[in-house]
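These are my notebook entries on a structure that I went through step by step, from the whole chain down to single side chains.

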Amino acid sequence: MSDNNNIEFQPRTDLSEFKSKIDAVKYEISKALIGNQDAVEMIHTALIAGGHILIEGVPGIAKTLMAKLTAKTLDLDFSRIQFTPDLMPSDITGTSVFNPKTLEFELRRGPIFSNIVLADEINRAPAKTQSALFEVMEERQVTIDGTSHKFPESFIVLATQNPIEQEGTYRLPEAQIDRFIFKILLDYPKLNEEIDILTLKNKDLRSHNIDEIESVLTENDLSELRSVSAKTLINQELIKYIAEIIQATRKNKSLFLGASPRGSVAVLQASKVFATISGRDFVTPEDILKVTYPALRHRIILSPEKEMEGVTPDEVISSIIHGIEVPR
């Protein structure tokens, strides 16, 4: 009887170029970032899936650095918006300004007119300002004075927020949170990672010099990666599995609000990308489980009782997953 463990998997699609490009991005980021490899992998997954990303963590664990490094590896226009309580919608989108020479109004474009936009500490601006992002995050266009301005498919919002400090912050509207394909949680580095960080800093206090990071992916590259991942196969049983997980969030007694259909689409798209990054041209249940947590944790709302008990969204997602039979 043959040993199945010795059989090497051969994908139907040549994914070597795909993998080499992702490896090049990981290498560039590793020049300035130690640890959080799972988070980096999820950011790549979300980027190729074409979704916006919300990065959450306590201060000082490189949320902004991770977002800036990701943007730096892409050969695309980049802008940063520092969200503050006094930030106005026009500070994001821009406004029409009267030109006395031409006697006409001209559009002065805001920082949202870019490919990759870093929305730093996004929860420090009120709902009125957040509304300026609704249209552009969903439809990749912004309307100013009745005129719509189209954005490229490569447009991505990378947002950061601090979950601990609530002074001077605002809860993001649920409609906006649902527009993020992933919510990625960053944690403190492990002991060996912190030692590496200190060792690197001891050698060079400017070790996080972003200017040393090279851009390795162009807009065409990103488009090609998305095209390849879109062809990744997923059978009907796994599609049903995704739907069962989403449906279960809407019936779970620990939740006040379950995930929307946008959540199920996010899991589908992200699982196909993650499978491709892993070197396969088909999706497995493990791919779905890997992306389900970042795709759903911000789309569900705990019941007041569970929130008071200190239950986390990830714990509820875990209980839901364990209650559904995994297709084989």
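Entry 1, the whole chain. I began with burial and found that buried residues make up 48% of the 328 residues in the protein; I note at once that the model is a predicted one. I then looked up the surface, which comes to about 17,200 Å² of accessible area, with 52% of it belonging to carbon and sulfur atoms. For the secondary structure I counted 13 helices and 11 strands. The radius of gyration is 21 Å, close to the 20 Å that the globule rule gives for 328 residues, so I recorded the protein as being as compact as a globular protein of that length. The C-alpha trace spans about 85 × 50 × 40 Å along its principal axes. I also looked at how far apart in sequence the contacting residues lie, and of the contacts with a separation of 6 or more, 78% are between residues 24 or more positions apart.

Entry 2, salt bridges around Lys 21. My search for salt bridges returned 16 in total. I started with Lys 21, whose side chain meets that of Glu 17 in a salt bridge at 3.4 Å, N to O. Both residues belong to helix H1 (residues 16-30), and because they are four residues apart there, about one helical turn separates them. Is Lys 21 buried or exposed? At 15% relative accessibility, Lys 21 counts as buried, because the cut-off for that word is under 20%.

Lys 21 also forms a salt bridge with Glu 224, at 3.5 Å, N to O. Here the pair links distant parts of the chain, since Glu 224 sits in helix H8 (residues 219-230) and Lys 21 in helix H1, 203 residues apart. Glu 224 itself is partly exposed, with a relative accessible area of 45%.

Entry 3, a second long-range pair. I next followed Arg 262 and Glu 138, whose side chains meet in a salt bridge at 3.2 Å, N to O. Arg 262 lies in helix H10 (residues 261-277) and Glu 138 in helix H5 (residues 127-139), so this pair ties together parts that are 124 residues apart in sequence. Both ends are partly exposed, with Arg 262 at 29% relative accessibility and Glu 138 at 38%. Going back to the partners of Lys 21, I found that salt bridges with shared partners join Glu 17, Lys 21, Asp 221 and Glu 224 into one network.

Entry 4, Lys 183. I placed Lys 183 in strand E9 (residues 180-185), and at 15% relative accessibility this lysine counts as buried. What does the side chain of Lys 183 make a polar contact with? The partner is the side chain of Glu 56, at 3.2 Å. Leaving aside neighbours within four places in sequence, I listed Leu 54, Glu 56, Gln 161, Pro 294, Arg 297 and His 298 as the residues in contact with Lys 183.

Entry 5, a nonpolar patch. On the surface I looked up a nonpolar patch of about 370 Å², which is made by Phe 98, Leu 103 and Phe 105. Of these I checked Phe 105 further and found its place in strand E4 (residues 104-109). Phe 105 has 61% relative accessibility and therefore counts as exposed, the cut-off for that word being over 50%.

Terms used. Residues are numbered from 1 along each chain as its sequence is written. This is a predicted model: local features need pLDDT of at least 70, side-chain atom pairs count only at pLDDT 80 or more; totals for chains, interfaces and linings use all residues. Side-chain values use heavy atoms; hydrogens and water are left out. A salt bridge is a side-chain nitrogen of Lys or Arg within 4 Å of a carboxyl oxygen of Asp or Glu. Buried means under 20% relative accessible area, exposed over 50%, partly exposed in between (1.4 Å probe, protein chains only). Patches are made of residues with over 30% relative accessible area and no salt bridge: like charges are joined within 9 Å, nonpolar side chains (Val, Leu, Ile, Met, Phe, Trp, Tyr) within 5 Å. Accessible areas come from the Shrake-Rupley method with a 1.4 Å probe; for residues, only the protein chains shown count as cover. A polar contact is a pair of N or O atoms within 3.5 Å; within protein, one must be able to donate a hydrogen and the other to accept it, and residues adjacent in sequence count only if both atoms are side-chain atoms. Contact means heavy atoms within 4.5 Å. The radius of gyration is taken over C-alpha atoms; the globule rule is 2.2 Å times the number of residues to the power 0.38.
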